[in-house]
Amino acid sequence: MPESADEHFARGDAFLAEGRYQEALGAYDRALGLQPDRCSALNNRGVVLRKLGRDEEALACFEHGLALHGNDPGLMLNRAAALRGLARLEEALGAYESVLALYPDDFPQALIGRGIVFLQLDRPAEAILSFDRATVIRPDSAAAEHHLASALRRFGNPGPASEHFGRAHALEPERDFLLGDLLLARRQVCDWRDDGACLRRLAHSIANGERASSPFPVLALLDSPVLQRKAAETYSAAMHPAREPAAPALGRPPSERIRVGYFSTDFHNHPVAYLTAELFELHDRARFEVFGFSLGRPVVDAMRVRLAAAFDHFLDVGRLDDQGIARRSRELGIDIAIDLGGYTDNSRTGIFSHRAAPIQASYLGYLGTMGAAYYDYLFADTVIVPRPDSPHYSERIVRLPSYQVNDRRRRISDVHLSRCDEALPERAFVFCCFNSSYKIAPDVFDCWMRILSACEGSMLWLFSADALTSANLGREAAARGIDPGRLVFAPRRDHADHLARYRLADLFLDTLPCNAGTTASDALWAGVPVLTRCGEAFAGRVAASLLHAVGLPELVTHSADQYVELAVALAGEAGRLDSLRARLAANRETCLLFDSRRFTKTLESAFLTMQQRYEAGLAPESFDASSTPATGHRLPTLSEQEGRVTILDQTRLPHEATMLTLATLEEAAHAIRVMQVRGAPLIGATAAYGVAIGLEQGAGDERLAHVLAVLGATRPTAVNLHWALARMERVLRKSAPATRREIAWREARAIAAEDKAANHAIGMHGMPLLQARPKGKNPIQVMTHCNAGRLATVEHGTAISPIYAAHAAGLAVHVWVSETRPRNQGLLTAWELAEAGVPHTLIADNAAGLLLMQGKVDLVIVGADRIAANGDTANKVGTYLKALAARAHQVPFYVAAPLSTIDFACPSGKEIPIEERSGEELGVGSAPVANPAFDVTPAALITGIISERGVAAADNLAQWRT
């Protein structure tokens, strides 16, 4: 039978209804192949393209249809929607106006679309009029009522908003994401009719995967991390599925700063800005380049001015569509994108669905999981997300020592306020809560009324949202036997004045299931203790986190009765409350919560770990962040700029840190020979630069051979030396002498950069070995031998790199540093560990066996100077004995080295040449001396070898040969 356009069209409609958009697109394409001018097929094809996030193609499809079919209303409406999706707002507005001019009362969706555009253009009054008109011409339109209600709520009309949400729900009870909006709107005006029954229905619907609520209302309504994740996953799958990246990420040279982009609609006078402003100012510009992506309307106020100056680059991108912003971010080479908004008002989750950066994380603005796979990390702490709760979050958890950032520059007004100014009794005990009214759940209010009943004459000071909310709360108080006059409502104030008036209160009472966030830290900053009740989900544990970070954990309660009892006790015991205030005042300058500099360092350390994992090709993983960065060094071991090579003279360490310039071939060879540079990887990189330096005096074949011979004679055992020289020779022999100087410098730089990247990767591959050991023991005890830290490499180290990575991830690590001969290299390892803030103990070489026997070592990690093809490993003398002792006491023994240290041309350890050092190094007189600098550890004693490609058994290195 011949193909039928009708059949393909019907199949496309079925696929579209089932959400199988790629299959629907194929069916519509086949229908149009048979009937190219079919209006409905063109229209539906465009709809599918929009579902797939391909608005440009959808727009072209709709415009092609209009060219064929004139003013078809369906095509006109969808064209307007596509323009809106592309953020071509003025054009979209004109397109909706065209529909309304031709069909003024026939299509309420045109009025709704126009209203949405008015909102995006920051024209709220016109938006509300447009939505209202839609409800007039189509009184049975739940969509019109829903949009009108959302606009009214957003622009400060919660009472009417609640009414229109109710009408929408009466018209279409199962409308997507409406039930949560209705319940939140009622909570906002403290209208608690049928609250319990509605919450049970909401929980049941979410658990069944129904589109009952967008994620934000669930945070305020249900204290369940399971349901919060389910709601977020349902919403993100429906509204913001993962898209193809808008553009490829630009490569970033390893030497460049990490580029961090902060994305927010709230870069103005807003709680998020009040908390984060100093963070942006404190970022280390030597390591990070900081971008602010402003997604909201361009509000001009004092905070906006401060924030614009705080970033290296401040971009006002609110008028771009999601895909365009993601593309811009990737074109700028953003490495880490931080979403400060999440699912809050005016959120732009779609940006992240298009991958704004290789690494994406959620922080601060939204207190829960995003439920989307394209968010790699979520910042929290161990109070907010206890380790057993991690499965309730789709992201990997980065646990900071304290979750919430704060701005120590937040100004508290000097204005003198009295209680009389705020309509408060002078002598009453004043409880306060300045949380938003939607956070006041009926059971929380029950607790407050019990507290007022038990504390005669006390007052409850609340934030005044509007007259309806105040009246509803007064009525609810009366229903519980409390005089409504004991509720006092505070009007809106300038932020500095608002902080000042906190001092008129005695105790802040928190809410649940959504705790105070900025309001709690405001109270603590102003010196007012906060009493909280700790919940189960993220949003219900924030205040507990703040109280732990400020040093007042006894103000965290875990039941309604405990909460009420403690509030009453504090109100009745002035001395107890005074003591809490005094501790708060004393802690204010030193506690975690308000230590902005420490927080910034910790966050930067987390960024480094995230970036290192990404560069090593490792998937995101949860970790504990530390304020100590992965590498704490100040002076580089090797650096080069415009042909000037400098090294850190390691013969002078640890007593003196001196940089030397290598200007000649002889100086480079001398630095390697006398151990001014140490460690196989660093020796190799220095030798490569030595070739470049040596060719400055001539680059012919004879000179090249001389340079290679001089450098090759410096150290026999370190295979990286010969590997680097062989690589340089291989590249340079192919080149004409006239081009060799430039090529030599370029190749030396490449070798140095590759060493940095390889050592990063070694750290990331080795860190899980530390995380896995030991079970239930703290700290992890690691033994190392010789100097295999950053002093032995261009950066980061080999055997020490996993230790740095674990320390940066917040793992408790202690290092037993074994002293060695020659040149006391253990002392150098201790020096650099101290420089990086890693706990360690220096031991004599022969003490290692005793520590292993006593069970004081969990694993051993050493470096290598050469690894034979069969896995036998040459390292500083004494390594073999440690491997024997480790095997005897069943302690894992690992070797960490880059692939360049593996000599596949050397069959076994028997063929590795062992360097003999001068007897003078042993400090003896005339006695005969044997001073081998290295020994060989058989592969059978090595648990595994860690390289930039992963961890392999020592006898299975052939997999890394290519």
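This section describes a parallel sheet, one helix that is mostly covered, and two contrasting helix residues in a predicted model.

The sheet is open and holds 8 strands. Their order is β3-β2-β1-β4-β5-β6-β7-β14, and the pairing is parallel. Strands β3 (313–316) and β14 (623–624) stand at the edges. Each has a single partner strand, so one side of each is left without a neighbour in the sheet. Strands of a sheet pair through backbone hydrogen bonds, in either the parallel or the antiparallel sense.

Strand β1 covers residues 258–264, and strand β2 covers residues 288–294. The two pair in the parallel sense over 7 bridges. In this pairing, S264 stands opposite S294 in β2.

Further along the order, strand β6 (residues 377–380) lies between β5 and β7. Strand β5 (residues 359–362) is joined to β6 by 2 bridges, and the two run parallel. Here A361 stands opposite Y377 in β6. On the other side, 4 bridges join β6 to strand β7 (residues 396–399), again in parallel. F379 stands opposite V398 in β7.

The side chains of β6 were also examined. In a regular strand, side chains alternate between the two faces of the sheet. Y377 and F379 point one way from β6, whereas L378 and A380 point the other way. All four are buried.

Helix α26 spans residues 596–615 and has 20 residues. The helix reaches 28 Å from its first C-alpha to its last. This is close to the 28 Å expected at 1.5 Å a residue. Helix α26 is mostly covered, with 15 of its 20 residues buried. G617 follows the helix and has a positive phi, near 75°.

Two residues in other helices differ in exposure. S470 is placed in helix α20 (residues 467–479). Its relative accessible area is 16%, under the 20% cut-off, so S470 is buried. Leaving aside residues up to four places away in sequence, S470 touches S464 and F489.

L881, by contrast, is found in helix α35 (residues 879–888). Its relative accessibility is 56%, over the 50% cut-off, so L881 counts as exposed. Together with Y880 and L884, L881 makes a nonpolar surface patch of about 270 Å². An α-helix has 3.6 residues a turn, so residues three or four places apart point the same way.

Definitions and conventions: Residues numbered from 1 in each chain as written. Predicted model: local features only at pLDDT ≥ 70, side-chain atom pairs only at ≥ 80, totals over all residues. Heavy atoms only, no water. Pairing = 2+ DSSP bridges. Buried < 20%, exposed > 50% of the residue type's maximum accessible area, 1.4 Å probe, protein only. Contact = heavy atoms within 4.5 Å. Patch = residues over 30% accessible without salt bridge, like charges linked within 9 Å, V, L, I, M, F, W, Y side chains within 5 Å. Areas by Shrake-Rupley, 256 points an atom, 1.4 Å probe, with all protein chains shown as cover. Salt bridge = Lys/Arg side-chain N within 4 Å of Asp/Glu carboxyl O. Expected span 1.5 Å × (residues − 1).
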